[in-house]
Amino acid sequence: MLKNKLIVLLALMGVMAGCVSTQQARVDFDRNSEISTSHYKTFAWLNESKVLAEPVDANPVMKVRIDNAIEQAFIAKGYQLVSDAEAADFTISYTMGSRDKVKVDSLPSTYRSGFFWGHGYYGSMVINNDNYVKNYTEGKLAIDVYDVKSHQPVWHGWAVKRIKSSEQDNPSKAIKMVVEQVVAQF
């Protein structure tokens, strides 16, 4: 009997652990299959500002962090950064942004507190809703790669992530992690 209870308890803990949200970034990419990237060895920034379209409320310190993280991620993949865009095999640029979002959950109270039985033969049953409102910030980073010879887009990778307050206070680690996840897809 104790063994069965232990198995059920471990199974419940496993299910609960699987339901916990880790707030990881959603990462994906799109590739131009008509252009081969197997010969790429060098890269440069597409333009001097590095960012393709800077948001109105851009933080210049944050921009420098992202610039450096993107450069380091491509260098870590074995590509060499060159200063002349015309001499590079490919150029890179990026866009970034964030928006405030609201999530509203409205569930019957019984979903959160359990169901009650035995309300009487013809008794009335009242169902109330519990409403939960969460405000959060969602950030997006998109990195673009262009072929220098054909001047065509080659690759577009992006990440979308809910930004926690601890990451807003110290964003360097989160930026590095998200950039590495996006560039790993290239």
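In the predicted model, K63 has a relative accessibility of 14% and therefore counts as buried, the limit for that class being under 20%. D67, at a relative accessible area of 5%, is buried as well. These two residues form a salt bridge in which the closest N and O atoms are 2.9 Å apart. Both belong to helix α2 (residues 60-76), where a spacing of 4 residues corresponds to about one turn of the helix.

The pair K63 and D67 is joined by a salt bridge, and a search of the whole structure finds 5 salt bridges. Within helix α5 (residues 172-183), K176 and E180 are likewise placed 4 residues apart, about one turn of the helix. Their side chains meet in a salt bridge with an N to O distance of 2.7 Å. K176 is partly exposed, its relative accessible area being 46%, and E180 is also partly exposed, with a relative accessibility of 37%.

A salt bridge between strands is formed by K101 and E138, with 3.5 Å between the closest N and O atoms. K101 lies in strand β5 (residues 90-108) and E138 in strand β6 (residues 129-147), so this pair ties together parts that are 37 residues apart in sequence. The relative accessibility of K101 is 30%, which places this residue in the partly exposed class, whereas E138, at 17%, counts as buried. R26 is linked with K101 and E138 in a network of salt bridges.

The largest pocket encloses about 600 Å³ of space. Its lining comprises 24 residues, and those nearest the centre are M62, I66, G97, G139 and I163. At least two lining residues come from each of α2, β5, β6, β7 (153-163), α4 (165-169) and α5. By residue class, the lining of the largest pocket consists of 14 nonpolar, 6 polar and 4 charged residues.

The second largest pocket has a volume of about 170 Å³. The residues lining this pocket are T95, M96, G97, S98, R99, E138, G139, K140, L141, A142 and V160. Two or more of them are supplied by each of the elements β5 and β6. The lining of the second largest pocket divides into 4 nonpolar, 4 polar and 3 charged residues. E138, one of the lining residues of this pocket, is also the salt-bridge partner of K101. G97 and G139 are likewise among the residues that line the second largest pocket, and both are listed among those nearest the centre of the largest pocket.

Notes. Residues numbered from 1 in each chain as written. Predicted model: local features only at pLDDT ≥ 70, side-chain atom pairs only at ≥ 80, totals over all residues. Heavy atoms only, no water. Salt bridge = Lys/Arg side-chain N within 4 Å of Asp/Glu carboxyl O. Buried < 20%, exposed > 50% of the residue type's maximum accessible area, 1.4 Å probe, protein only. 1 Å grid on protein atoms, 1.4 Å probe; cavity = no way out; pocket = protein on both sides within 12 Å on 5 of 7 lines; lining within 4 Å. Points joined across faces, edges and corners; volume = space filled by probe spheres on them. Nonpolar A, V, L, I, M, F, W, Y, C, P; charged D, E, K, R; others polar.
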